[in-house]
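A close look at a single part is wanted here. Please keep the answer connected.

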Amino acid sequence: MYGGGYIHDDQKKKPEMQAEDPVLLAEFEARIARGEKIEPRDWMPADYRRQLIRMIEQHAHSEIIGALPEGTWITRAPGFRRKLALMAKVQDEVGHAQLLYSAAETLGKSREDMINDLINGKSKYSNVFNYPAKTWADVAVIGFLIDAAAIVNQVANSKGSYGPYCRALERICYEESFHLKQGHSVFVYLATGTPTQRAMVQDALNRWWQPIMHFFGPSDKMSQHTETLMRWKVKMASNDDMRQQFLTMYVPKIWELGLTLPDPNLKKNPETNQWEFTEPDWNEFYEVIKGNGPCNAERLAVRRTAEERGAWVRAALKRADQHYVTPLA
Amino acid sequence: MFNTDTLNALRRLLLAMADDHLIIGHRNSEWTGLGPILEEDIAFSSIAQDKIGHALGLYSILNEQLGEADPDTLAFMRNETDFTSCQLVEFPIGEYDFSLVRHLLFDVAALIRFEDASHSAYDPLAKLARKVKGEIKYHVFHASTFVKQLGQGNEESKARMQSAFNQNMALALGMFESFEGEALLVQQGIYKGEAAIRTAWLGEISAILQEAGLQMPDVDKLEPVYGGRKGFHTEFLQPLLDEMTEVFRIDPAAEW
Amino acid sequence: MNIQSLDPRVTRLGIDAEEKNPDQTLQREEHWETYQVFHQKKRGEKHSSVGVVHAPNAEMALLFAKEQYARRGETVNLWIVNTRDVLAMDYDDYDVFSTTPEKMYRDPAGYKVNEKIAAFKKAQLDV
């Protein structure tokens, strides 16, 4: 679900990309330009491999961590229908993590290395999950609006160049459509319900709006780096474009229920057809990425604990003669 | 077709089954996102969802055929002493060894119950049982595969499995607590009765433990933990219900 | 001091908030091997490759494949194969296939006789 549009890259500070054999590089780029997919055992530039691993891995981490905010309310979902739906939805997030780790593994990084990097704080995940899910209505806002944002990102990425990632995204996008419907349903029931329910969802919206505006990341600085990633169909759309798409599709759905958003400047300019809004606080964004958000420590501690406490199960079943090889597809 | 006493006994049976499935499904859902490995996390969540689904099916019969309240009301609005689940299902999830062992002990019994119920003289129960017993067959396959493999894994997993069976067998026997009117249900062919289910269950569990290289505890030396069917529960059920119903009770009349 | 979470399940985990052990590492191959999964939707259709599962052995792999790849929609059958046991061609050898599309002698479209039949009929009429 939670392909956070913003891919954190420490190595952006290094402007030069690795030099590659010009003939192989030209063939590789021609293949991509023709709309063909790159498969795991193809020759690929080292930077392409590195960027894809980073992107897919961060997406996978976002899914497994993303299971935690809504997981907060699994035991308290009101009524059978919501209980079953939330269990299935959070289960899907774990399922998406599995699909994405598998796709990243085809590029040569083991699942163990990826999870270690997550737990040790080296690899990032979508910032939005470092915020707390304080009420049942938060489940509605996350399930509706954050899934919606993720879908914008995933649909764009599903047209990318790397075969295994595209195939994983196809499956994920299909399941996401259930998530969106489910989230929107809870959202609508609360918004059209009792005064208490309405107040609950309005409060959740007020608290989540800034993290949602942060979701796609700051405006892209067009650099050679970004340009290369777009030519290689690793990055498929600009952060700003995706944010605009999201606002166009979903702000009306919030306003049609008579709910408000905590940004008095939010409006669509009829001349430019672009949404205008108060620039979110990007300092907060970077602070949270660094690890100083409200829930970062807890999210990682939970993941670490789950791995630790499950270690005996994995060790007991591991065969002495097992020998892992990079998966095929 | 059935007299009042029989119908009351039938209500008790269905309610006990429904309550068991709701509570164990709820407990097992607590593992979602926290499991020992991604693939198993996903599997265990499906099993939990199935159990909640089975509870819903049973509560629906109580509501639609036997004049009881709707499923949400039955599940989210009753008091702790009205629940007739066995005490086994209310315990916290503990570590994965406990949850897996509980999963095996409960699901083997559930499969026997639902296979029997698929021939029930009470048609709504027979219909439900025929529909869902395939799911339970898979649950038992999952549980027994894990128990057998962990029982033969390494020293630690063997010890954990054995210990979990030793410590929880008496609790599990509490699943077969008798209740008022049970004999009528047996007489009328509605189900085969707790004693028969227990006997079949003991056979199955012994066989699985043997294949797992584990010792079957001597049940003759154990005192089954009864009380659940009469509404007597451990200190764990009330907090569980408080948590489960926290949002619903904000406004039970609201549509969530 | 344990982590007190908004999620009661997490509070119950009893995680030490002070634990300074960020170097917790998974060892190599702790998450086992992978098995490729093949899914058959309906009888009569082909099995398709749908992804992988991590599993300690074939039995578990099948169990996990059911959960991950047959949770929705229709399924009648699943196969799993240890990734180690799959021998795959190199994409670099794709040139082995480059002339195959041109081998029209193997293709129904390589056999056109309509012109010959039309010419024959015309010749018959001219007689």
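Student: Among the elements of chain A, which has the lowest mean pLDDT and which the highest? Take the one with the highest and go through it closely.

Tutor: Helix H8 (residues 224-231) of chain A has the lowest mean pLDDT, 86, and H7(A) has the highest, 98. pLDDT is the predictor's confidence in each residue, from 0 to 100. Helices are DSSP runs of H or I with at least four residues, strands are runs of E with at least two, and both are numbered from the N terminus.

First, the ground rules. This is a predicted model: local features need pLDDT of at least 70, side-chain atom pairs count only at pLDDT 80 or more, and totals for chains, interfaces and linings use all residues. Residues are numbered from 1 along each chain as its sequence is written, while chains are lettered from A and ligands numbered from 1 in the order in which they are written.

Chain A as a whole has a mean pLDDT of 93, and 95% of its residues reach 70 or more. Where pLDDT is low, predicted coordinates should not be read in detail.

Now the helix. H7(A) covers residues 195-214, 20 residues in total. Its first and last C-alpha atoms are 29 Å apart, close to the 28 Å expected at 1.5 Å a residue. That expected span is 1.5 Å times one less than the number of residues. The helix has a kink of about 45° at Trp208(A), shortly before the proline Pro211(A). The bend at a residue is the angle between axes fitted to the seven residues ending there and the seven starting there.

Both Trp208(A) and Pro211(A) are buried. Buried means 20 or more other C-beta atoms within 10 Å of the residue's own, with C-beta atoms placed from the backbone; exposed means 12 or fewer, and partly exposed is in between. Other buried residues of H7(A) include Gln197(A), Met200(A), Val201(A), Ala204(A) and Leu205(A). Towards the end, Trp209(A), Ile212(A), Met213(A) and His214(A) are buried too. Their cover includes helices H5 (136-157), H6 (163-191) and H10 (282-292) of chain A.

H7(A) also takes part in an interface. The contact between chains A and B takes 36 residues from chain A and 42 from chain B. Two residues are in contact if their C-beta atoms, placed from the backbone, lie within 7 Å. On chain A's side, H2 (46-71), H3, H7 and H11 (296-317) each supply at least two residues. H3(A) gives the largest share, 12 residues. By class, that side has 20 nonpolar, 11 polar and 5 charged residues. Nonpolar means Ala, Val, Leu, Ile, Met, Phe, Trp, Tyr, Cys and Pro; charged means Asp, Glu, Lys and Arg; the others, Gly among them, are polar.

H3(A) makes a useful reference. Its 26 residues, 80-105, should span 38 Å at 1.5 Å a residue, and its end C-alpha atoms are 38 Å apart, which agrees. Of those 26 residues, 24 are buried, so H3(A) is largely enclosed by the rest of the structure.

Last, the setting. Chain A holds 11 helices and 2 strands. Buried residues make up 50% of its 329 residues. Among its contacts between residues at least 6 apart in sequence, 80% join residues at least 24 apart. Its C-alpha trace spans about 65 × 60 × 35 Å along the principal axes.
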